[in-house]
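Visitor: I have just opened this model and would like a close look at one part of it. Could you start at one turn and then work along the chain from there?

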Amino acid sequence: MLSMERAQRPKPSPEKATLLPMHYLQQTSIDCPWCGEIFDTTIDTSQGDHEHIEDCAVCCRPISVSVECEPGEIFSIQSGRP
Ligand SMILES: [Zn+2]
């Protein structure tokens, strides 16, 4: 007697393949070199060490953010005037 149950394999969930590597996005805070306010920002650590320009959340002036990181971990972060 043949059992059809053997043909039923658990299928991999299609959602798993499309999951974003959220742990690459690290929440941190930087201080604005213009107005001195500290605000939260999210760093994409998947690209490793990098520098980018980000507008201050308080005074909207551009901040040069230089990040030392590995995917998933921030080692240091520095903000300055571009
Ligand atoms: Zn500011």
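Which residue takes a positive phi in the hairpin of β1 and β2, and how many residues lie between the strands?

Guide: Gladly, and please keep in mind that this is a predicted model. The residue you are after is G36, with a positive phi near 85°. The hairpin of β1 and β2 has six residues between its strands.

Let's look at the two strands on either side of that turn. β1 covers residues 25–31, and β2 covers residues 38–44. They pair in the antiparallel sense, over seven bridges. One pair to pick out on your screen is I30 and F39, which stand opposite each other, with F39 on the β2 side.

F39 is worth a pause. Is F39 buried or partly exposed? F39 has 15 C-beta neighbours inside 10 Å, and because a residue needs 20 or more to count as buried, F39 counts as partly exposed. Setting aside the residues within four places in sequence, the contacts of F39 are S29, I30, A57 and V58. I30 is the residue opposite F39 across the hairpin, and S29 also belongs to β1, which spans 25–31. A57 and V58 come after β3, which ends at residue 55. Another residue to check there is C56: the C-alpha atoms of F39 and C56 are separated by 7.9 Å, although the two are 17 residues apart along the chain.

That takes us on to the next hairpin, formed by β3 and β4. Like the hairpin of β1 and β2, the hairpin of β3 and β4 has six residues between its strands. Here the residue with a positive phi is C60, near 70°. Most residues other than glycine have a negative phi. C60 is a residue other than glycine, and its phi is positive all the same. C60 sits in the loop between β3 and β4. With 10 other C-beta atoms within 10 Å, C60 is exposed, because 12 or fewer is the cut-off for that class.

The strands around C60 pair in the antiparallel sense over six bridges. Within that pairing, E54 has I63 in β4 as its bridge partner. β3 has six residues and the number buried is zero, so this strand lies largely in the open.

One more hairpin follows, made by β4 and β5, with two residues between them. In this turn G72 has a positive phi, of about 100°. β4, residues 62–70, pairs with β5 in the antiparallel sense over seven bridges. Two residue pairs help to set the register: C69 stands opposite I74 in β5, and E68 stands opposite S76 in β5.

Between I74 and S76 comes F75, also in β5. F75 is exposed, with 10 other C-beta atoms within 10 Å. Leaving out residues up to four places away in sequence, F75 touches E68 and C69. F75 and D49 are 26 residues apart in sequence, while their C-alpha atoms are 9.5 Å apart. Further along β5 you reach Q78. With 13 other C-beta atoms within 10 Å, Q78 is partly exposed. The C-alpha atoms of Q78 and E68 are separated by 8.7 Å, with their positions ten residues apart in the numbering.

Now put the last three strands together. They form an open sheet in the order β3-β4-β5, with antiparallel pairing. β3 (50–55) and β5 (73–80) are at the edges, and each has a single partner strand, so one side of each is left without a neighbour in the sheet. From one strand to the next, the twist averages 30°.

Stepping back, the protein chain has one helix and five strands. From the N terminus on, the order is α-β-β-β-β-β. Of the 82 residues, 11% count as buried. Among contacts between residues at least 6 apart in sequence, 39% join residues at least 24 apart.

Note on methods:
Residues are numbered from 1 along each chain as its sequence is written. This is a predicted model: local features need pLDDT of at least 70, side-chain atom pairs count only at pLDDT 80 or more; totals for chains, interfaces and linings use all residues. Two strands pair if DSSP finds at least two bridges between them. Helices (H or I, at least four residues) and strands (E, at least two) are DSSP runs, numbered from the N terminus. Axes are lines fitted to C-alpha atoms, for helices over the stretch in contact, and angles run from 0 to 180 degrees between N-to-C directions. Two residues are in contact if their C-beta atoms, placed from the backbone, lie within 7 Å.
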